[in-house]
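Here's a quick tour of a protein chain, with an eye on its charged side chains. Have a look at the sequence and the fold, then read on.

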Amino acid sequence: MSNNKNYSLNDFLPLIAIIIAIVFFTIAQRIIYGWNIIAAMNDFMGSFFIVFSLFKIYNLHNFVEAFSMYDLVAKQSTIYAYLYPFIELGLGIAYLFRFQLILTNWVTLAIMIIGSIGVAYELAQNKSIVCACLGTVFRIPMTYVTLAEDVLMAIMAIFMLFYSYQ
């Protein structure tokens with residue numbers, strides 16, 4: 001399978017719409033409770049993980065099949081693939097409730113680095129794979145957008161870890 005397909009904006013509309021909704025939620029939270037970059041990142045990451053995990057849980061079996069195509073750990077462990085959406089859900093809840101944020105950021109950093117490596121490898125192989133980021137409800141192609149999502153989440157976790165150790 002070659003990854004030579006020219007993708008259009010329509011291929012990414014569900015992802016764009018969900019990200020915009022999460023950004024609006026984050027902004028609304030900060031308007032109500034006062035602007036703070038760390039709080040905004042917690043709100044964004046919490047909302048992101050909860051929404052994305054629910055799409056994965058909706059059709060868990062198909063998510064596991066798709067996720068196991070590219071995630072380094074999921075390729076080796078079906079148990080991890082089945083647990084992953086629930087890990088994301090837990091992370092989302094922890095971010096929104098500001099619970100154990102140092103541990104939450106370390107776990108986020110670990111799974112985002114693992115995810116980034118797997119996605120980067122598949123992209124380098126020029127494979128055409130459906131991204132499991134929104135489960136299999138939407139057929140969003142895996143592109144550098146997927147890699148950017150993982151890397152951005154890892155960077156935010158690093159930033160918040162750095163801030164928490166100040």
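How far apart are the mean positions of the positive and negative charges of the protein chain? They sit 1 Å apart, counting 7 positive and 8 negative charges. Keep in mind that this is a predicted model.

**The overall fold**

The protein chain has seven helices and three strands. If you walk along the sequence, you meet them in the order α-α-α-α-α-α-β-β-β-α. So the three strands come after six helices, and one more helix follows them. The radius of gyration is 16 Å, which agrees with the value near 15 Å that a compact globule of 166 residues would have. Along its principal axes, the C-alpha trace spans about 50 × 35 × 30 Å.

Buried residues account for 43% of the 166 in the chain. As for the outside, about 8,800 Å² is exposed, and carbon and sulfur atoms supply 71% of that. Now take the contacts between residues at least 6 apart in sequence: 72% of these join residues at least 24 apart.

**Salt bridges**

Side chains of opposite charge can pair when their charged atoms come close. This structure holds five salt bridges. Here are some of them, with the N to O distance for each.

| Positive partner | Negative partner | Closest N and O atoms |
|---|---|---|
| Arg30 | Asp43 | 2.8 Å |
| Arg98 | Asp43 | 2.9 Å |
| Lys127 | Glu122 | 3.4 Å |

Let's start with Asp43, which shows up in two of these rows. Arg30, Asp43 and Arg98 are linked in a network of salt bridges. Which parts of the chain does the salt bridge between Arg30 and Asp43 link? Arg30 belongs to helix α1 and Asp43 to helix α2 (residues 37–58), and the two are 13 residues apart. The other partner, Arg98, lies in the loop between α5 (78–97) and α6 (101–124), so its pairing with Asp43 ties together parts that are 55 residues apart in sequence.

Buried or exposed? Arg30 and Asp43 are both buried. Asp43 counts as buried because its relative accessibility is 2%, and the cut-off is under 20%. Arg98 has 32% relative accessibility, so this residue counts as partly exposed.

The pair of Lys127 and Glu122 also brings together a buried and a partly exposed side: Glu122 is buried, with a relative accessible area of 1%, whereas Lys127 is partly exposed at 36%.

**A buried charge with no partner**

Glu149 is worth a look too. This residue lies in helix α7 (residues 144–164). Glu149 is buried yet has no salt bridge. Why not? A salt bridge needs a side-chain nitrogen of Lys or Arg within 4 Å of a carboxyl oxygen, and the nearest side chain of opposite charge, Lys56, is 7.3 Å away from Glu149. What does Glu149 touch, leaving out residues up to four places away in sequence? Its contacts are Leu15, Phe48, Phe52 and Cys133.

**One more spot on helix α1**

Back on helix α1 (residues 13–33) you'll find Ala28. Ala28 is partly exposed, as its relative accessible area is 33%. From Ala28 to Met160 there are 132 residues in sequence and 21 Å in space, C-alpha to C-alpha.

Key
Residues numbered from 1 in each chain as written. Predicted model: local features only at pLDDT ≥ 70, side-chain atom pairs only at ≥ 80, totals over all residues. Heavy atoms only, no water. Helix = DSSP H or I, 4+ residues; strand = E, 2+ residues; numbered from the N terminus. Rg over C-alpha atoms; globule rule 2.2 N^0.38 Å. Buried < 20%, exposed > 50% of the residue type's maximum accessible area, 1.4 Å probe, protein only. Contact = heavy atoms within 4.5 Å. Areas by Shrake-Rupley, 256 points an atom, 1.4 Å probe, with all protein chains shown as cover. Lys, Arg positive; Asp, Glu negative; His and termini not counted. Charge placed at Lys NZ, Arg CZ, Asp CG, Glu CD.
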